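Thank you all for coming; I would like to walk you through one model this morning. Please have the sequence and the structure open while I talk.

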Amino acid sequence: MNRVNSLSSWKRTHYAGSLRRENIGEKVTLCGWIQRLRDLGQLLFLDLRDREGIVQVVFSQESPELLNRAKQLRPESVIGVRGTVRSRGEKAVNPQLPTGEIEVAAEELIVFSEARVLPFQLNEPVSASEELRFRYRYLDLRRPSMQRNLRLRHEAALQTRLYLHRQGFLEIETPFLTKSTPEGARDYLVPSRIHKGRFYALPQSPQLFKQTLMIAGFDRYFQIVRCFRDEDLRADRQPEFTQIDIEMSFADEEDIFSLVEGLMVELFALIGEKISIPFVRLNYEECLEKYGTDKPDLRNKVTITDFSSLLERASSPLLKTAREENPVLKGIVIPQGAGLSRSQLEKSQQKARTKGVRNLIWIKAEGEIKSSPRLERDDNLALWEKSGASSEDLLLLCLGRREAVLEVLGELRIELASVADSWPPFTFAWIREFPLFEWSEEEKKIVSVHHPFTSPHPEDLDLLEKEPLKVRARAYDLVLNGYEIGGGSVRIHDRDLQHRIFKILNLNEQEIEEKFGFFLEALSYGTPPHAGIALGFDRLVMLLAGENSIREVIPFPKTTSALCLLTGSPSPVSPAQLEELGIDIRKEEKKK
């Protein structure tokens with residue numbers, strides 16, 4: 001079979017997927033992969049695929065030698081075809097393909113590379129396991145859905161750059177080899193060969209560098225940047241990820257909100273979605289009380305109602321006993337939930353128990369109002385009337401600690417209440433006024449909710465040392481369909497205030513100097529007020545593409561155990577490399 005090593009005589013004239021009726025009669029040269037072969041004896045139909053799509057190529061008895069050569073081909077081999085574009089004819093039109101009205105009558109054929117039998121079929125939807133797909137990622141990426149996803153990723157990145165350029169932002173690169181400041185997730189460390197015993201860290205975020213750029217007077221910075229976090233993985237999390245990093249001087253929350261909302265309008269226009277602005281604004285505490293989470297899916301219209309005021313006059317033994325423990329009583333109405341089975345309700349009860357909520361109560365109006373566990377009739381009636389439920393609905397109530405109750409109801413509203421088809425496919429919200437600090441049970445100390453460079457609310461400055469857990473932050477998250485897709489804050493631009501925050505975080509003077517001394521010094525030379533945000537680019541593209549995992553929009557993702565199955569990393573290195581770095585691997589002693 002003819003092969004070619006030089007393309008000098010086989011230059012492509014068109015992409016296969018770009019041919020249309022207007023190309024009928026043209027001589028074309030196409031290059032690509034064989035998607036499928038259909039041998040009908042005196043005719044052979046070959047679907048030729050490239051990044052723009054698929055076109056049907058026909059080999060016929062008019063050229064017996066060419067037909068016989070084509071019959072030896074294998075799917076996924078790379079070939080070149082010359083031929084003439086012609087109409088398929090009315091009965092042969094394939095309406096499923098953009099090229100379905102035409103085909104190419106083959107006149108010449110060249111084989112660039114033959115393919116072995118594939119380890120899995122490149123079907124849509126794919127039937128192979130994720131492990132097999134990642135091992136042969138170069139094959140998996142040939143699938144049209146993966147080609148479409150990565151093209152969308154490119155278009156989203158390009159649109160982001162164009163939009164921010166029009167808004168006066170400069171794209172400035174920041175270092176990948178930087179200083180370890182472990183105030184959050186674990187750092188990936190990089191040993192220095194020249195300075196043995198010292199380490200760089202791969203950045204979890206360009207936070208300090210982008211704030212330093214504001215001090216340097218660049219005013220508006222952005223970067224589509226890789227970041228690294230050595231943490232446990234989920235479907236929407238990777239050890240290395242990409243974010244749209246933004247910082248602007250002389251700006252506050254509303255400036256960031258307006259800027260990002262404009263960007264979302266342009267990005268979602270790429271998939272034909274019209275986004276309404278401004279987005280909903282919710283305070284953190286309000287968000288927890290209504291939805292049980294700080295990243296609510298607002299397509300789901302179910303909200304949490306507080307029934308605690310009814311505990312005072314309750315006559316049911318369960319409610320009277322619980323009243324002495326000073327709990328809260330909150331609930332949700334599940335539309336059309338009256339038909340939920342006992343097994344579904346028991347599953348919900350088990351979920352509540354695992355979260356520390358002993359009492360999950362359901363109430364239905366089946367002729368008369370019934371509840372489980374059984375409550376007095378007056379209590380059932382009062383609860384049902386306050387809920388505003390109809391006879392087709394189900395009222396679910398949780399009794400217990402506020403935090404646990406809100407968490408349980410927040411999860412149940414998602415699990416049991418469906419999103420109506422008539423609701424907008426994409427619903428955004430800004431969540432703001434988070435707590436500045438929280439207590440870490442693991443570390444047994446106060447830690448930052450976002451990061452230590454977040455400005456406290458001006459009204460709460462007097463509480464910083466006295467009651468730090470009550471201080472609100474000028475921080476904000478952007479939430480879309482139950483996903484947090486961005487987070488940012490107004491930054492601290494005063495050196496003394498920044499030093500106070502470090503002290504509240506229990507850093508001593510030596511630690512402050514070693515970790516952040518250069519930054520505190522920079523703050524003392526004239527720093528403009530500034531604010532910023534980082535948007536999770538992988539999550540954004542995942543939602544744009546309609547996928548459920550960011551691994552479907554990342555070219556070469558890691559597994560949930562942080563492995564690259566394609567290259568086999570992480571992998572051991574030679575003793576000579578370790579010796580050059582001054583590193584000795586300590587082997588774990590076997591237990592006797």
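Let me begin with a question about the contacts in the chain: of those with a separation of 6 or more, what percentage is accounted for by residues 24 or more positions apart? The value is 67%, and I should say at once that what you are looking at is a predicted model. The chain has 592 residues, of which 47% count as buried, and within the chain there are 15 helices and 22 strands. If you take the C-alpha trace along its principal axes, the span is about 90 × 75 × 65 Å.

I will turn now to helix packing. Two packed helices are described by the angle between their axes and by the distance between those axes, and I will give both values for two cases that share helix 13.

In the first case, helix 5, which covers residues 207-215, packs with helix 13, residues 509-523, at an angle of about 20°, and their axes are 10 Å apart. Because an angle under 35 degrees counts as roughly parallel, helix 5 and helix 13 are roughly parallel to each other, and their crossing is left-handed. On the side of helix 5 the contact is made by Leu208, Gln211, Thr212 and Ile215, while helix 13 brings in Phe516, Phe518, Phe519, Ala522 and Leu523. Sorted by type, the residues of this contact between helix 5 and helix 13 are seven nonpolar and two polar, with no charged residue.

In the second case, helix 12, residues 495-504, packs with helix 13 at an angle of about 160°, with the axes 11 Å apart, and helix 12 and helix 13 are therefore roughly antiparallel to each other. Here the crossing is right-handed. From helix 12, the residues Arg495, Gln498, His499, Phe502 and Lys503 meet Glu509, Ile512, Phe516, Phe519, Leu520 and Leu523 of helix 13. The contact of helix 12 with helix 13 divides into six nonpolar, two polar and three charged residues.

My next topic is the aromatic rings. A pair of aromatic rings is described by the distance of the centres and the angle of the planes. With ring centres required to lie within 6.5 Å, the count comes to 13 aromatic pairs. One of them joins Tyr136 and Tyr138, whose ring centres are 6.2 Å apart and whose planes stand at 80°, so this pair is edge-to-face. Tyr136 is partly exposed, with a relative accessible area of 21%, and Tyr138 is also partly exposed, at 43%.

For Phe268 and Phe428, the centres of the rings are 5.4 Å apart and the planes are at 90°, so that pair is edge-to-face as well. This pair links distant parts of the chain, since Phe268 belongs to helix 6 (residues 253-269) and Phe428 to strand 17 (residues 428-432), 160 residues apart. Both Phe268 and Phe428 are buried, and ring pairs link these two with Phe279 and Phe426 into a cluster.

Two individual residues deserve a word. Leu394 is in strand 16, residues 394-400, and it is buried, with a relative accessible area of 0%. Leaving aside residues up to four places away in sequence, Leu394 touches, among others, Ile332, Val333, Ile334, Trp362 and Ile363. Leu340 is also one of the residues that Leu394 touches; their C-alpha atoms are separated by 8.3 Å, although the two are 54 residues apart along the chain. Asp460, by contrast, sits in the loop between strand 19 and strand 20, and at 7% relative accessibility it counts as buried. With the same exclusion of sequence neighbours, Asp460 touches Lys470, Val471 and Arg472.

Finally, a few points about the backbone. Most residues other than glycine have a negative phi, and most peptide bonds are trans. Which peptide bond leading into Pro125 is cis? The bond is the one from Glu124, with omega near 0°, and Pro125 lies in the loop between strand 5 and helix 2. The bond from Ile277 to Pro278 is cis too, and Pro278 is in the loop between helix 6 and strand 11.

As for positive phi, Asp219 has a value near 70°; this residue is in the loop between helix 5 and strand 9 and is partly exposed, at 31%. Phe250 has a positive phi of about 55°, lies in the loop between strand 10 and helix 6, and counts as exposed at 60% relative accessibility.

Key: Residues numbered from 1 in each chain as written. Predicted model: local features only at pLDDT ≥ 70, side-chain atom pairs only at ≥ 80, totals over all residues. Heavy atoms only, no water. Axes fitted to C-alpha atoms, helices over the stretch in contact; angles between N-to-C directions. Helix = DSSP H or I, 4+ residues; strand = E, 2+ residues; numbered from the N terminus. Parallel < 35°, antiparallel > 145°, perpendicular 65-115°, else oblique. Left-handed = near helix turned anticlockwise from the far one by under 90°. Contact = heavy atoms within 4.5 Å. Nonpolar A, V, L, I, M, F, W, Y, C, P; charged D, E, K, R; others polar. Phe/Tyr/Trp six-rings, centres within 6.5 Å; stacked < 30°, edge-to-face > 60°. Buried < 20%, exposed > 50% of the residue type's maximum accessible area, 1.4 Å probe, protein only.
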